[in-house]
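Let's walk through this structure together, starting with a few charged side chains and then moving on to the sheet. Keep the 3D view open as you read.

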Amino acid sequence: MRIVVPAGGVGGARFLRGLRAALGTDAPTPGDQTTDSAITVIGNTGDDITLFGLRICPDLDTVMYTLGGGINEEQGWGRADETFTVKEELAAYGMRPTWFGLGDRDTATHIVRAQMLAAGYPLSAVTEALCERWRPGVRLLPMTDDQVETHVVVDDGDGRRAIHFQEWWIRHRAALPAERIVSVGVESAKPAPGVLDAIAEADAVILPPSNPVVSVGSVLGVPGIREALVDKTVVGVSPIIGGAPVRGMADACLTAIGVQTSAAAVAEHLGADLLDGWLVDEADADTRVEGIEVRSRPLYMSDPAATEAIARAAVDLAVELSKERR
Ligand code: FO1
């Protein structure tokens, strides 16, 4: 079964580990060329930032490290066994910003990426090359090879200005009220090679419990992607349980775009033209959304078995609904 997953950071990556297990396309042994990835991930690149001459792709790296076995598990981002000597040395030179947690092991990924981009390789080719090492057991495509960045318009004591999403998210912990969230460059961005083909060939599309605004929302914002998804059977997993995000600060993002922090409001925001099914937690079992088949089950990805069961339920609902569509 071919599944396409538009995904973002930590929640999406953890869900993908469960989906890979549920589909039996388990992490290949190193050098195993036989793994036939049934999963294509369309990774959010709106979080990307250039720092110290390096191009950093947080959501692509989080998926690659999580599925490739290199992730810092409790943080959900960055590398395991990380050190921060380069970060400290940069600060000693007075280099800014100092708020970004640039790890030494992670820096090697950014150097490879910066070198390949400078040599003219598109981000999709860079991502493929990096995945040669990590072998995530899925096909990881950036949503676009064009530069798109999420910036946040804030108005604090220093007056109204736009700051990079990473600064808002890391430095300000999304606590600065966001007047607007802007996807800079998205209007002229094109889906990366393979993205529209993967969607066309998919048996189902699953929206993981990633941030519906800055992760899944950014992917859907690339011209052509949402339009292609509308023709498919799409099942989403709510990132909001009982009126609160499971992790991260999706509520701050939802508030910024005027959407209530609830499982129902996120489904309505994504749209009944896009979503065929919507998995909600038992806490939200009374959720009803016009035109969307809502099912409730435990949604906390508390351990690998729980995550696999959630992914299995999403796939089963997609199969059930796709039969109805024929
Ligand atoms: N998140 C933080 O809260 N603090 C950090 O210092 C930080 C550094 C970082 C470095 C590389 C990377 O790939 C991700 C990093 N993240 C950090 C997470 C990142 O800001 C978010 O996970 C995504 O951008 C949102 O999904």
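Lys-190 is a good place to begin: its relative accessibility is 52%, so this residue counts as exposed, the cut-off being over 50%. Please bear in mind throughout that you are looking at a predicted model. The partner of Lys-190 is Asp-146, and their side chains form a salt bridge with an N to O distance of 3.4 Å. Lys-190 sits in the loop between β8 (178–184) and α7 (195–201), while Asp-146 belongs to the loop between β5 and β6 (149–156), so this pair ties together parts that are 44 residues apart in sequence. Asp-146 itself is partly exposed, at a relative accessible area of 28%.

Why can such pairs form? Side chains of opposite charge can pair when their charged atoms come close. In total, the structure holds 13 salt bridges, and a few others deserve a visit.

Take Arg-226 next, whose salt bridge with Asp-273 brings the closest N and O atoms to 2.8 Å apart. Here Arg-226 lies in helix α9 (residues 225–230) and Asp-273 in the loop between α11 and β13, so the contact ties together parts 47 residues apart in sequence. Both ends are partly exposed: Arg-226 has 23% relative accessibility, and Asp-273 has a relative accessible area of 45%.

Another salt bridge joins the side chains of Asp-156 and Arg-161, at 2.6 Å from N to O. Arg-161 is partly exposed, with 26% relative accessibility. Elsewhere, Arg-14, Arg-17 and Glu-73 are linked in a network of salt bridges.

Now turn to the sheet. In what order do its strands run? The open sheet has 7 strands, arranged β5-β2-β1-β9-β10-β13-β14 with parallel pairing. At its edges are β5 (139–142) and β14 (293–296), each of which pairs on one side only. From one strand to the next, the twist averages 20°.

Look closer at the β5 edge, where strand β2 (residues 39–43) pairs with β5 in the parallel sense over 4 bridges. Within this pairing, Val-41 stands opposite Leu-140 in β5. Helix α2 (residues 58–68) packs on the sheet here and touches both β2 and β5, its direction making about 175° with that of β5. Helix α11 (residues 263–270) also packs on the sheet, touching β9 (204–207) and β13 (277–280), and its direction makes about 160° with that of β13. This brings us back to Asp-273, which lies in the loop between α11 and β13.

Definitions and conventions. Residues numbered from 1 in each chain as written. Predicted model: local features only at pLDDT ≥ 70, side-chain atom pairs only at ≥ 80, totals over all residues. Heavy atoms only, no water. Pairing = 2+ DSSP bridges. Helix = DSSP H or I, 4+ residues; strand = E, 2+ residues; numbered from the N terminus. Axes fitted to C-alpha atoms, helices over the stretch in contact; angles between N-to-C directions. Contact = heavy atoms within 4.5 Å. Salt bridge = Lys/Arg side-chain N within 4 Å of Asp/Glu carboxyl O. Buried < 20%, exposed > 50% of the residue type's maximum accessible area, 1.4 Å probe, protein only.
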